[in-house]
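Hi,

Here is the structure I said I would pass on. Have a look at it first, and my notes on the side chains follow underneath.

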Amino acid sequence: AAAVLAIAALAATLVLGRGTSTAYASTVTVFAGSVEQQVDGGWVAVPDGATLSEGAWLRTGDDGSAVLTFTDGSTVGIEANTELLIEFVVFGVARQISLQQFSGSLWNDVVHDDRAGSFYTVRTPDTVVSARGTLFKTSVVDGETAIDTFDGLVEVEAGDETPFVT
């Protein structure tokens, strides 16, 4: 019981502490095909130029592609057959962006940010990828993640290892 209470207190601290900054939305640019957002348990088409806030769950179809643009200029290219959740997006004293990728491929172009507490994270079924300013691709196929870094480096947490990928 004490452990459960401690975990609940930690979760509340993280959520409430995050709430002191301003949450920002992202803008989606639909390039082609099917791009959908989950709304009330169903999937609806996302129009080009839509504003999406944290908690938005997206997917692209076989022919779908889009780009999310955040306030700081960081972008996420979403390829066909990709599913992701915008966990949270906060700007203020620090940039804090967290995405959860379930399948498909994302091209992450992250604007450099050295401020204390700043992060940009992509969580996949088996990996956590963190960047402060770089261009990298994450691909999830059958629950396994591949990472390609094209500029800079990313920190990868996979199991007990935390290597940097250049």
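Before the notes, one term: when I say that two residues touch, or are in contact, I mean that they have heavy atoms within 4.5 Å. Please also keep in mind that this is a predicted model.

Let me start with T149, since that is where the term comes in. You'll find T149 in strand β14, which covers residues 144-151. Leaving aside residues up to four places away in sequence, T149 touches T134, L135, F136, V154, V165 and T166. Is T149 buried or exposed? Its relative accessible area is 14%, so T149 goes down as buried, the limit being under 20%.

One of those contacts, F136, turns up again among the aromatic pairs. The count of such pairs comes to four, and I'll go through two of them here.

The pair to look at first is F88 with F119. Their ring centres are 5.9 Å apart and the planes sit at 90°, so this is an edge-to-face pair. The two residues come from distant parts of the chain: F88 belongs to strand β9 (residues 83-91) and F119 to strand β11 (residues 119-123), with the two positions 31 residues apart. F88 is buried at 17% relative accessible area, whereas F119, at 26%, is partly exposed.

Next come Y120 and F136. Here the ring centres are 6.3 Å apart and the planes make an angle of 85°, so this pair is edge-to-face as well. Y120 is in strand β11 and F136 in strand β13 (residues 134-141), 16 residues apart, and again the pair links distant parts of the chain. How accessible is Y120? Y120 is buried, with a relative accessible area of 0%. F136 also comes out at 0% and counts as buried.

Now for the charged side chains. There are five salt bridges by the count, and these three are the ones I'd point you to:

- E36 and R59: their side chains meet at 2.7 Å, N to O. E36 is in strand β3 (residues 35-39) and R59 in strand β6 (residues 57-60), so to speak two distant parts of the chain, 23 residues apart. E36 is buried at 19%, while R59 is partly exposed at 29%.
- K137 and E79: the closest N and O atoms are 3.8 Å apart. K137 lies in strand β13 and E79 in the loop between β8 (75-78) and β9, so this bridge ties together parts 58 residues apart in sequence. K137 counts as buried at 16% relative accessibility, and E79 as partly exposed at 29%.
- R123 and E87: the closest N and O atoms are 2.5 Å apart. R123 is in strand β11 and E87 in strand β9, 36 residues apart, which again links distant parts of the chain. R123 is partly exposed at 31%, and E87 is partly exposed too, at 21%.

If you want a place to start when you open the model, try strands β9 and β11. F88 and F119 link them through their aromatic pair, and E87 and R123 link them through a salt bridge. From there, Y120 takes you from β11 over to F136 in β13, and F136 is in turn one of the residues that T149 touches.

Cheers

Terms used. Residues are numbered from 1 along each chain as its sequence is written. This is a predicted model: local features need pLDDT of at least 70, side-chain atom pairs count only at pLDDT 80 or more; totals for chains, interfaces and linings use all residues. Side-chain values use heavy atoms; hydrogens and water are left out. Rings of Phe, Tyr and Trp (its six-membered ring) pair if their centres lie within 6.5 Å; planes under 30 degrees apart count as stacked, over 60 as edge-to-face and the rest as tilted. Helices (H or I, at least four residues) and strands (E, at least two) are DSSP runs, numbered from the N terminus. Buried means under 20% relative accessible area, exposed over 50%, partly exposed in between (1.4 Å probe, protein chains only). A salt bridge is a side-chain nitrogen of Lys or Arg within 4 Å of a carboxyl oxygen of Asp or Glu.
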